[in-house]
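Visitor: I'd like to go through this model one piece at a time. Could you walk me through it?

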Amino acid sequence: MLHQIQEIDTRIFLALNGLHTPWADTIMYWVTQRNTWIPLYAVLIVWLIWRYNQRAAGMIGALILTIVIADQTASGLLKPFFERLRPCHVLYLQDRLHLVVEDCGGRYGFASSHAANSFGLAMALYLLVGKKYPWTTWFFFPWAVAVSYSRIYVGVHYPFDVAVGACIGAAAAWIAVKIVERILRLRKKPA
């Protein structure tokens with residue numbers, strides 16, 4: 001069964017990774033880089049503080065906790081446990097994949113931390129402010145999809161790595177938001 005899943009995942013990976021053009025290579029190279037998004041995160045933090053004043057601290061705390069849970073689950077727990085090679089480290093794929101980045105990354109790729117973190121951020125924002133500010137949902141979920149797809153496009157993750165990463169991120173957001181909400185409720189209760 002696992003062999004069949006790997007085979008299907010490899011076929012889908014090669015099909016998606018094979019859809020490359022020079023102009024898209026440049027875009028996906030920048031989309032997949034973590035540092036590209038630092039200005040977006042800075043603007044988001046400033047916006048939360050501007051909109052929510054003191055309440056922003058709890059929201060920012062929930063976002064940070066989401067990323068910690070998502071990233072550590074994907075990178076600290078699953079990658080070393082499953083030891084699934086990234087496609088760019090699989091020898092029989094070397095002449096078939098299109099590697100856009102200069103560094104393949106760590107040896108193992110299951111599950112994608114980029115997908116976990118970006119979907120975690122999108123889901124946390126949805127849970128925290130999505131009803132009041134629907135534009136956050138309309139912007140951050142497509143952004144998470146773009147970041148996640150870029151990992152396949154540049155040749156460093158299989159689609160299943162990305163799909164599981166996205167699920168981890170969404171679950172991490174739910175857990176983090178619930179934890180922070182509970183802490184804030186407990187702090188408000190009189191002793």
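Visitor: Is Lys178 buried, exposed or partly exposed, and what is its relative accessible area?
Guide: Keep in mind that we're looking at a predicted model. Partly exposed covers the range between the buried cut-off, under 20%, and the exposed one, over 50%. Lys178 falls in that range, so it counts as partly exposed, with a relative accessible area of 38%.

Visitor: Which residue forms a salt bridge with Lys178?
Guide: Stay in helix α7 and look about one helical turn away, because the two partners are 3 residues apart there. The partner counts as partly exposed, at 32% relative accessibility. The closest N and O atoms of the pair are 3.8 Å apart, against a cut-off of 4 Å, and the residue that pairs with Lys178 is Glu181.

Visitor: How many salt bridges does the structure hold?
Guide: The Lys178 and Glu181 pair is one of them. Another joins the side chains of Glu7 and Arg11. For the structure, the number of salt bridges is 4.

Visitor: Where do Glu7 and Arg11 lie?
Guide: Their side chains meet at 2.4 Å, N to O. Glu7 counts as partly exposed because its relative accessibility is 36%, and Arg11 is exposed, with a relative accessible area of 52%. They are 4 residues apart, about one turn of the helix, and both lie in α1 (residues 2-17).

Visitor: How many residues apart are Asp161 and Arg84, the pair that links distant parts of the chain?
Guide: Asp161 forms a salt bridge with Arg84, with the closest N and O atoms 2.7 Å apart. Asp161 sits in helix α7, and Arg84 in the loop between α4 and α5. Along the chain, the two are separated by 77 residues.

Visitor: Buried or exposed: what are Asp161 and Arg84?
Guide: The cut-off to apply is under 20% relative accessible area. Asp161 has a relative accessible area of 0%, and Arg84 is at 14% relative accessibility. Both values fall under that cut-off, so Asp161 and Arg84 count as buried.

Visitor: Which residues are joined into one network by salt bridges that share partners?
Guide: We can start from Lys178 and Glu181, about one helical turn apart in α7. The network is built by salt bridges that share partners, and the Asp161 and Arg84 pair belongs to it. Its residues are Asp9, Arg84 and Asp161.

Visitor: Which element gives the most to the nonpolar patch on the surface?
Guide: Tyr126, Leu127, Trp174, Ile175, Ile179 and Ile183 form that patch, with about 530 Å² of accessible area together. The elements that give two or more residues are α5 (113-129) and α7 (159-188). Tyr126 is found in α5 and counts as partly exposed, because its relative accessibility is 36%. With 4 residues, the element that gives the most is α7.

Visitor: And the positive surface patch: where is the place of Lys132?
Guide: Arg51, Arg55, Lys132 and Lys188 form this patch. Lys132 counts as exposed, because its relative accessibility is 58%. Its place is in the loop between α5 and α6 (134-153).

Visitor: On to the backbone: which residues does the cis peptide bond join?
Guide: Look in the loop between α4 (56-82) and α5, where Ala111 is found. Omega is about 10° for this bond. The residues joined are Phe110 and Ala111.

Visitor: What is the phi of Asn53 and of Glu83?
Guide: Asn53 lies in the loop between α3 (38-52) and α4 and counts as exposed, because its relative accessibility is 56%. Glu83 lies in the loop between α4 and α5 and is partly exposed, with a relative accessible area of 45%. Neither is a glycine, yet phi is positive for Asn53 and for Glu83. The value is about 50° for Asn53 and about 50° for Glu83.

Visitor: How far apart are the end C-alpha atoms over residues 59-177?
Guide: An unreviewed UniProt entry lists those residues as "domain: Phosphatidic acid phosphatase type 2/haloperoxidase". In the model, the stretch is 67% helix and 0% strand. Its end C-alpha atoms are apart by 8 Å.

Notes:
Residues are numbered from 1 along each chain as its sequence is written. This is a predicted model: local features need pLDDT of at least 70, side-chain atom pairs count only at pLDDT 80 or more; totals for chains, interfaces and linings use all residues. Side-chain values use heavy atoms; hydrogens and water are left out. Patches are made of residues with over 30% relative accessible area and no salt bridge: like charges are joined within 9 Å, nonpolar side chains (Val, Leu, Ile, Met, Phe, Trp, Tyr) within 5 Å. Accessible areas come from the Shrake-Rupley method with a 1.4 Å probe; for residues, only the protein chains shown count as cover. Buried means under 20% relative accessible area, exposed over 50%, partly exposed in between (1.4 Å probe, protein chains only). Lys and Arg count as positive and Asp and Glu as negative; His and the chain ends are not counted. The place of a charge is taken as NZ of Lys, CZ of Arg, CG of Asp or CD of Glu. UniProt positions are given in the numbering used here, feature names are shortened, and annotations may be inferred rather than shown by experiment.
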